[in-house]
Amino acid sequence: MAALPAGATIGILGGGQLGRMIAIGAAQLGYRCHVFAPDDHSVAADVSAAHTRADWHDGPALSAFAADCDVITYEFENVPVAPLQLLDQAKLAPGPRALEVAQDRLSEKTFVTRLGGRPAPFADVASMADLEAAIARHGTPAIVKTRRDGYDGKGQWRINSAADMDAAEIGKTALVYEGFVTFECEFSVILVRGRDGEVRFWDSTHNTHENGILAHSVLPAPAIVGEQLAEARALARKVAEELSYVGVMTCEFFATSEGPVFNEMAPRVHNSGHWSIEGAVTSQFENHVRAICGLPLGDTSAVAGRIVMDNLIGEVALDVVGHLSDPRAHLHLYGKAEARPGRKMGHVTRVG
Ligand code: AMP
């Protein structure tokens with residue numbers, strides 16, 4: 001594909017803060033953005049040229065949206081795939097196969113295993129008998145997760161025996177058993193792949209979670225991450241190549257005494273890469289735009305040895321003056337109306 005000229009339109013499926021930061025990166029390169037999101041209020045649409053507010057399954061709305069866009073991308077991995085299959089596939093970047101794989105924890109783990117990656121022991125759980133068989137084979141403690149639509153620790157049950165699992169949940173939604181991984185720390189590999197197949201990686205941060213939600217990403221990561229990075233990156237690269245991926249993609253890992261254990265992938269820019277806005281020569285958002293628009297990729301190197309990104313979750317985000325009392329703090333607020341507990345409202349990055 002020839003590089004898209006300035007003034008071209010990028011379609012973004014999904015209306016949250018990731019879309020907002022993609023749109024800001026796109027604006028810098030002279031593009032306009034059109035957001036498609038069913039939400040009444042979209043913080044991505046707030047900074048974009050156009051917003052189609054319609055259901056994911058509204059075919060005519062989706063077609064009209066696609067006709068206005070030169071390229072279409074995602075900021076949300078749970079966009080239903082079937083309606084996308086009716087659109088001009090050449091406009092979609094990355095292709096919907098990446099969504100299909102990442103939307104289902106079982107297909108994601110099976111896919112990665114086939115490529116030589118190592119997830120936690122896993123099994124499909126369609127019945128109590130399946131759960132008992134998985135426990136007999138792989139043991140406890142374990143985590144039972146919904147195969148679809150889980151995020152930020154939602155849709156997960158930690159169990160020590162089959163009796164700990166709410167029997168009413170089984171059969172209600174598709175579930176997957178996961179062996180509990182004892183890890184030293186969590187890290188993610190974020191890469192960008194261009195239309196010509198060039199791949200670049202950002203440095204991997206040490207990610208810590210609170211209540212299942214990413215709280216902090218810190219560079220440098222502990223030494224164990226450095227030791228496991230080559231293997232983790234090789235797997236992430238294989239995933240991207242196998243999917244003919246274009247854009248930014250993330251794989252999350254547990255660093256364990258036996259090497260990197262794959263947790264999950266996101267076919268999009270990622271919260272653990274927000275530090276790159278000020279902390280890397282080229283941010284994940286700008287490079288995502290460059291990749292999908294067929295532009296040369298930018299340098300992903302970190303600009304300092306120590307970089308800290310803190311998520312602002314819930315009401316803590318409201319203390320704007322407090323956050324800015326540190327003159328080195330880069331404050332990002334996502335423009336969400338209500339600071340509910342557990343809601344990602346913004347983040348702060350400190351470089352150096
Ligand atoms: P997830 O939504 O699958 O990324 O899970 C959210 C968080 O729960 C992860 O970042 C880990 O801290 C923890 N977690 C998820 N799966 C496992 C596992 N199999 N073993 C240990 N901890 C896990």
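**Notebook: ligand shell, cysteines and backbone of a predicted model**

I began with the ligand and sorted the residues of its shell by character, which gave five nonpolar, five polar and six charged. I note at the outset that this is a predicted model, and I read every value below as computed from it.

I then looked up which residues approach the ligand: 16 residues surround it, and K145, E178, V181, E186 and E264 are the ones that come nearest. For the polar side chains I recorded the individual distances. A polar side-chain atom of K145 sits 2.7 Å from an oxygen atom of the ligand, and one of R105 lies 3.0 Å from an oxygen atom of the ligand. E178 places a polar side-chain atom 2.9 Å from a ligand nitrogen atom. I also looked up the ligand's surface, which amounts to 480 Å² when the ligand is taken alone, and of this the protein buries 94%.

Next I asked which elements give two or more residues to the shell, and found β6 (142–146), β7 (156–159), β8 (175–179) and β14 (259–266). On the level of domains, I noted that domain 2 (121–179) and domain 3 (185–351) each supply at least three residues to the shell around the ligand.

I turned to the cysteines and found zero disulfides in the structure. For C251, which is in no disulfide, the nearest cysteine sulfur belongs to C185 and is 16 Å away; since two sulfur atoms must lie within 2.5 Å to count as a disulfide, I left C251 as unpaired. I looked up its surroundings too, and C251 counts as buried because its relative accessibility is 1%. C293 is likewise in no disulfide, with the sulfur of C33 as the nearest cysteine sulfur, 8.4 Å away. C293 has a relative accessible area of 0%, so I entered this cysteine as buried.

The backbone came next, and I started with the cis peptide bonds. One of them joins A93 and P94, with omega at about -5 degrees, and P94 belongs to the loop between α3 (81–84) and α4 (96–102). Another cis peptide bond runs from L219 to P220, where omega is near -5 degrees; I located P220 in the loop that lies between β12 (213–219) and α7 (223–242).

I also checked phi in residues that are not glycine. N211 is not a glycine, yet its phi is positive, about 55 degrees, and I placed N211 in the loop between β11 (206–210) and β12. With a relative accessibility of 78%, N211 counts as exposed. S244, which is not a glycine either, has a positive phi of about 45 degrees, and I found S244 in the loop between α7 and β13 (247–256).

My last entry concerns E258, which lies in the loop between β13 and β14. Is E258 buried or exposed? E258 counts as exposed because its relative accessibility is 62%, and the cut-off I applied for exposed is over 50%. I also looked up how E258 stands to V218, and noted that the two are 40 residues apart in sequence, while their C-alpha atoms are 23 Å apart in space.

Note on methods. Residues are numbered from 1 along each chain as its sequence is written. This is a predicted model: local features need pLDDT of at least 70, side-chain atom pairs count only at pLDDT 80 or more; totals for chains, interfaces and linings use all residues. Side-chain values use heavy atoms; hydrogens and water are left out. Buried means under 20% relative accessible area, exposed over 50%, partly exposed in between (1.4 Å probe, protein chains only). A residue is near a molecule or strand if one of its heavy atoms lies within 4 Å of it. A polar contact is a pair of N or O atoms within 3.5 Å; within protein, one must be able to donate a hydrogen and the other to accept it, and residues adjacent in sequence count only if both atoms are side-chain atoms. Accessible areas come from the Shrake-Rupley method with a 1.4 Å probe; for residues, only the protein chains shown count as cover. Helices (H or I, at least four residues) and strands (E, at least two) are DSSP runs, numbered from the N terminus. Ala, Val, Leu, Ile, Met, Phe, Trp, Tyr, Cys and Pro count as nonpolar, Asp, Glu, Lys and Arg as charged, and the others, Gly among them, as polar. Domain bounds come from an automatic or database domain assignment.
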